[in-house]
Amino acid sequence: MFAERGFHGASVEDICERAGFTRGAFYSNFGSKDELVLALFQATTDRLLEQIEALLPELASQPGTLLDAVLGLLDETAPDQRQWHLISAEFTLHALRDPEAAEALNKQRAMFRESLTRLVEQITETSGLELTVPAEQFVRMVIAVHEGARSQSLLEPDDVPAGTLEHTFLPMVLEAVSRPSR
């Protein structure tokens, strides 16, 4: 519903009808539409982090291969990229206008970044690399490139096939901001 009608255009009634739940069932689980979207974000990021952690034993010593695998997971975690992107963009716009939503979204994103940062630090240590920038900044840049590239690939799929920008440029960025450990 959020992808079809926008965050503000989708009513609780619309959401309940589509999901096959009553309004009471909705409010017994969520206090608002904001809470529902944040729960969706949390479930998606938790699943992604679990999948990345599962790759570590095999690929932690191969950061380039691991980066490619993680980029693949980013696309697989949300099967309908267009729908997921619309939901994410809609809620981000909502958060830009609503300080309480911004605070909640920033908190959820910070938890995700902190988890990814710990994984990046673990990977660089295991692979004998060190970053020349703070790991948290590297994670922010990877997220920014992925989100921007996803927008471009959804708008111009023939010119920018999904994943091509990330797979082309992020390995170069990783190489530029890493060196062998001393």
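**Close-up 1. An aromatic cluster made of Phe2, Phe7, Phe41, Trp84 and Phe91 in the predicted model**. Six aromatic pairs are counted in the structure, and one of them joins Phe2 and Phe7 in a stacked arrangement, with 5.4 Å from centre to centre and 20 degrees between the planes. Both of these residues, Phe2 and Phe7, are buried. Over the face of the Phe7 ring lies Lys33, at 4.9 Å from the ring centre.

**Close-up 2. The tilted aromatic pair of Phe26 and Phe30**. The ring centres of Phe26 and Phe30 are 5.7 Å apart, and their planes make an angle of 50 degrees. Phe26 is buried, at a relative accessible area of 6%, whereas Phe30 has a relative accessibility of 22% and therefore counts as partly exposed.

**Close-up 3. His85 and its surroundings in helix α6**. His85 belongs to the helix that spans residues 81-97, and its relative accessible area of 16% places His85 among the buried residues. Its side chain makes a polar contact of 2.8 Å with the side chain of Ser151. When residues up to four places away in sequence are left out, His85 touches Glu147, Arg150, Ser151 and Leu154.

**Close-up 4. The largest nonpolar core, with 22 residues**. Leu48, Ile52, Leu116, Leu119, Val120, Leu131 and Phe138 are the residues that touch the most other members of this core. Two or more residues each are given to the core by α4 (33-59), α5 (63-77), α7 (99-126), α8 (135-155) and α9 (164-176). Another core, of 20 residues, lies apart from it and includes Met1, Ile15, Phe41 and Ile87. As a general background, nonpolar side chains tend to be buried together in soluble globular proteins. Lys107, which is placed in helix α7, counts as exposed at 58% relative accessibility; Lys107 and Ile52 are 55 residues apart in sequence, and their C-alpha atoms are 21 Å apart in space.

**Close-up 5. Helix α2 (residues 12-19) and the packing of its buried residues**. The buried residues of this helix are Val12, Asp14, Ile15 and Cys16, and the buried residues of α2 pack against α1 (2-5), α3 (23-29) and α4. After α2 comes Gly20, whose phi is positive, near 80 degrees.

**Close-up 6. Salt bridges that link helix α2 with α1 and with α3**. The structure holds seven salt bridges, one of which is formed by Glu4 and Arg18, with their closest N and O atoms 2.9 Å apart. This pair links distant parts of the chain, as Glu4 lies in helix α1 and Arg18 in helix α2, 14 residues apart. Glu4 counts as exposed, at 53% relative accessibility. A further salt bridge is formed by Arg23 and Glu13, whose closest N and O atoms are 1.9 Å apart; because Arg23 lies in helix α3 and Glu13 in helix α2, the pair ties together parts that are ten residues apart in sequence. At 42% relative accessibility, Arg23 counts as partly exposed, and Glu13 is likewise partly exposed, at 42%.

**Close-up 7. The salt bridge of Arg113 and Glu136**. The side chains of Arg113 and Glu136 meet at 3.2 Å, N to O. Arg113 lies in helix α7 and Glu136 in helix α8, so this salt bridge ties together parts of the chain that are 23 residues apart in sequence. Arg113 is buried, with a relative accessible area of 14%, while Glu136 counts as partly exposed at 29% relative accessibility. Salt bridges with shared partners join Arg113, Glu136 and Arg140 into one network.

Notes: Residues are numbered from 1 along each chain as its sequence is written. This is a predicted model: local features need pLDDT of at least 70, side-chain atom pairs count only at pLDDT 80 or more; totals for chains, interfaces and linings use all residues. Side-chain values use heavy atoms; hydrogens and water are left out. Rings of Phe, Tyr and Trp (its six-membered ring) pair if their centres lie within 6.5 Å; planes under 30 degrees apart count as stacked, over 60 as edge-to-face and the rest as tilted. Buried means under 20% relative accessible area, exposed over 50%, partly exposed in between (1.4 Å probe, protein chains only). A charge sits over a ring if NZ of Lys or CZ of Arg is within 6 Å of the ring centre and within 35 degrees of the ring normal. Helices (H or I, at least four residues) and strands (E, at least two) are DSSP runs, numbered from the N terminus. A polar contact is a pair of N or O atoms within 3.5 Å; within protein, one must be able to donate a hydrogen and the other to accept it, and residues adjacent in sequence count only if both atoms are side-chain atoms. Contact means heavy atoms within 4.5 Å. A nonpolar core is a set of buried Ala, Val, Leu, Ile, Met, Phe, Trp, Tyr and Cys residues joined through side-chain atoms within 4.5 Å. A salt bridge is a side-chain nitrogen of Lys or Arg within 4 Å of a carboxyl oxygen of Asp or Glu.
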